[in-house]
Amino acid sequence: MIPLGWAVLLLGAVFAGSLWAMRSGWRRREARTAAAVPAPPPVPTGLGEPLHGPVDVTYVTSTTAGDRYDRVVAHDLGATAPATVEVHPVGVHLARSSVPDLFVPREQIVSVGTAAGMVGKYPGRGRLLVLTWRTASDGPAIDTGLHTPSSHDRAALAEALAALITPAPAPLPEEQS
């Protein structure tokens with residue numbers, strides 16, 4: 001029989017070892033994603049009046065586009081936080097609490113959609129708003145999940161974000177002979 005003091009000490013060591021392993025894994029993921037994903041641009045000054053918002057959301061996380069489980073930890077993109085979203089003519093401003101704000105320029109927005117969930121939050125089918133954007137013109141695509149408490153806010157925000165997407169240039173008309 002193991003004395004109670006030794007059992008408590010052993011459990012404490014296992015707990016501390018688990019915390020160290022989780023922290024080490026998080027740091028390795030942060031280094032790996034920092035090498036693959038450039039830092040997002042800083043929030044510009046003087047954005048002016050928003051076209052839409054502010055809307056209170058939960059910033060769920062950011063993942064590599066198309067993979068709802070591959071969290072991007074670098075640049076605080078993987079941190080879940082309460083946030084406020086404002087849609088401006090030049091882009092989207094996400095004011096997140098406890099982590100730096102995020103700004104996505106208009107020309108880097110790829111698409112807007114919904115999902116059942118992504119790493120960290122699964123509110124249900126179509127209840128998570130997903131903004132797909134690029135960190136640079138040639139950078140990797142990122143999916144950012146935003147959870148709005150109401151379906152009305154989600155639909156209005158999705159419409160405002162979709163209006164920012166720069167359309168592809170129209171094809172030139174064919175010449176007639």
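**Sheet pairing and helix surroundings**

Residue V57 of strand β1 has A83 as its bridge partner in β2. In this predicted model, that pair belongs to the contact between β1, which spans residues 52-64, and β2, which spans residues 81-88, where six bridges join the two strands in an antiparallel arrangement. Both strands are part of an open sheet of seven strands, whose order is β4-β3-β2-β1-β7-β6-β5 and whose pairing is antiparallel. The sheet is bounded by β4 (102-105) and β5 (109-115), the edge strands, each of which pairs on one side only. From one strand to the next, the twist averages 30 degrees.

On its way towards the β4 edge, the sheet continues from β2 into β3. Strands β2 and β3 are connected by a hairpin with two residues between them, and their antiparallel pairing extends over six bridges. Within this pairing, V85 has L94 of β3 as its bridge partner. Strand β3 is mostly covered, with five of its six residues buried.

The pairing of β3 with β4 is likewise antiparallel and comprises four bridges. Two of the partnerships can be named: V92 is matched with V104 of β4, and H93 is matched with F103 of β4. The hairpin formed by β3 and β4 has five residues between the strands, and S98 in this hairpin adopts a positive phi near 70 degrees. Although β4 is one of the edge strands, both of its faces are covered, since L102 and V104 on one side are buried, as are F103 and P105 on the other. The bridge partners of V92 and H93 in β4, V104 and F103, thus belong to opposite faces of the strand, and both are buried.

Helix α2, which comprises residues 151-164, lies across β1, β2, β3 (91-96), β5 and β6 (128-134). Relative to β2, this helix runs at about 50 degrees. The strands that α2 lies across include β5, which is an edge strand of the sheet, and β3, in which five of six residues are buried.

Helix α1 covers residues 4-36 and includes W26. The relative accessibility of W26 is 40%, and this residue therefore counts as partly exposed, a class that lies between the limits of under 20% for buried and over 50% for exposed. When residues up to four places away in sequence are left out, W26 touches R71 and V73. In the C-alpha to C-alpha sense, W26 is 9.8 Å from A74, although 48 residues separate the two in sequence.

L9 also lies in helix α1, but its exposure falls into another class. Because its relative accessibility is 53%, L9 counts as exposed, whereas W26, at 40%, counts as partly exposed. Together with I2 and W6, L9 makes a nonpolar surface patch of about 380 Å².

Definitions and conventions. Residues are numbered from 1 along each chain as its sequence is written. This is a predicted model: local features need pLDDT of at least 70, side-chain atom pairs count only at pLDDT 80 or more; totals for chains, interfaces and linings use all residues. Side-chain values use heavy atoms; hydrogens and water are left out. Two strands pair if DSSP finds at least two bridges between them. Axes are lines fitted to C-alpha atoms, for helices over the stretch in contact, and angles run from 0 to 180 degrees between N-to-C directions. Contact means heavy atoms within 4.5 Å. Buried means under 20% relative accessible area, exposed over 50%, partly exposed in between (1.4 Å probe, protein chains only). Patches are made of residues with over 30% relative accessible area and no salt bridge: like charges are joined within 9 Å, nonpolar side chains (Val, Leu, Ile, Met, Phe, Trp, Tyr) within 5 Å. Accessible areas come from the Shrake-Rupley method with a 1.4 Å probe; for residues, only the protein chains shown count as cover. A salt bridge is a side-chain nitrogen of Lys or Arg within 4 Å of a carboxyl oxygen of Asp or Glu.
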